[in-house]
Amino acid sequence: MLKVGLTGGIAVGKSVVGEMLVALGAHLIQADQISHQLMQPGQPVHQEVVRHFGVGILNPDQTVNRPKLAEAAFSGRIQELNQIVHPAVLEKQKEWMAEIGSRDPQAIAIVEAALLLEAGSAQDFDRLIVVTCRPEQRVQRWAQRMNVDEETARREVTRRMAAQMPDEEKIKAADYVIDNSGSLDETQKHVGRIYAQLKQETKV
């Protein structure tokens, strides 16, 4: 089995690339989805997050209000949040990859995670794919996704990028770089070429 990390900065189109890889036959899990599950009421991570950040981040039904948590974390406490969430997420990722490998020894198992390198988990993967795009596109995509104006999007993208490793550093660590600045068709072709190479590696 080939373990592949899929990463990149905010709003570069990681999920779009992930969907393309799944369509070609890869297995994929999103670190963000795992952290959502771990933050459900009753989970140890939920309890720790509330203990550190207070009940003010909760909705009336005790679920975590993600925007409120982001507001609290990105005001200088992002490391504190990451130290609670990352170890549990990494554990779940490893369990998932082991399960995929036991079912299909020739599988390509992909973990999509924005903070893959920041979490220090690069060594868990055989190959690393980094997705990039032009800075202005990130702002436009975030505005579209969150249904906000471009000025609001620019502030949020800038704030979140400050907590992430710069693209230049991520690219240095990558085995493959996908520039998602062009058309979806161009990205699709690039993804197809990379997938063919990954598939070849599973047969070695």
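How many helices and how many strands does the protein chain have?

1. The protein chain has nine helices and five strands, and it should be kept in mind throughout that the model is a predicted one. Followed along the sequence, these elements come in the pattern β-α-β-α-α-α-α-β-β-α-α-α-β-α.

2. On overall dimensions, a compact globule of 204 residues would be expected to have a radius of gyration near 17 Å, and the value for the protein chain, 17 Å, agrees with that expectation. The C-alpha trace spans about 50 × 40 × 30 Å along its principal axes. Of the 204 residues, 44% are buried. Where contacts join residues at least 6 apart in sequence, 73% of them link residues that are at least 24 apart.

3. The five strands make up an open sheet with parallel pairing, and their order in the sheet is β2-β3-β1-β4-β5. The edges are taken by β2 (27–30) and β5 (176–179), each of which has a single partner strand, so one side of each is left without a neighbour in the sheet. From one strand to the next, the twist averages 20°.

4. At the β2 edge, the link to the rest of the sheet runs through strand β3 (residues 108–112), to which β2 is joined by four bridges, the two strands being parallel. Within this pairing, His27 has Ala109 of β3 as its bridge partner.

5. Two helices deserve attention for the way they lie across the strands. Helix α1 (residues 14–24) lies across β1 (2–8), β2, β3, β4 (127–132) and β5, and it runs at about 155° to β1. Helix α5 (residues 78–103), for its part, lies across β1, β2 and β3, running at about 160° to β3.

6. Is the geometry of α5 that of a straight helix or a bent one? The helix bends by about 35° at Val85, and a proline, Pro87, follows within four residues. As to its length, the 26 residues of α5 should span 38 Å at 1.5 Å a residue, and the end C-alpha atoms are 36 Å apart, which agrees.

7. His46 belongs to helix α3 (residues 44–53). With a relative accessible area of 7%, His46 is buried, because the cut-off for that class is under 20%. Apart from neighbours within four places in sequence, its contacts are Leu38, Met39, Gln40, Pro41, Leu58, Gln62 and Val64.

8. Thr132, which is part of strand β4, likewise counts as buried, its relative accessibility being 10%. When neighbours within four places in sequence are set aside, Thr132 is in contact with Val12, Asp167, Ile171, Val177, Ile178, Asp179, Asn180 and Ser181; of these contacts, Val177, Ile178 and Asp179 fall in the residue range of the edge strand β5 (176–179).

9. Two residues merit a check of their backbone. Ala11, although not a glycine, has a positive phi of about 60°; this residue lies in the loop between β1 and α1 and, at 4% relative accessibility, counts as buried. Asn147 also has a positive phi of about 60° without being a glycine, and its place is the loop between α6 (135–146) and α7 (150–161). Is Asn147 buried or exposed? With a relative accessible area of 71%, Asn147 is exposed, whereas Ala11 is buried.

Conventions
Residues numbered from 1 in each chain as written. Predicted model: local features only at pLDDT ≥ 70, side-chain atom pairs only at ≥ 80, totals over all residues. Heavy atoms only, no water. Buried < 20%, exposed > 50% of the residue type's maximum accessible area, 1.4 Å probe, protein only. Contact = heavy atoms within 4.5 Å. Pairing = 2+ DSSP bridges. Axes fitted to C-alpha atoms, helices over the stretch in contact; angles between N-to-C directions. Expected span 1.5 Å × (residues − 1). Bend = angle between axes of the 7 residues up to and from the residue. Rg over C-alpha atoms; globule rule 2.2 N^0.38 Å.
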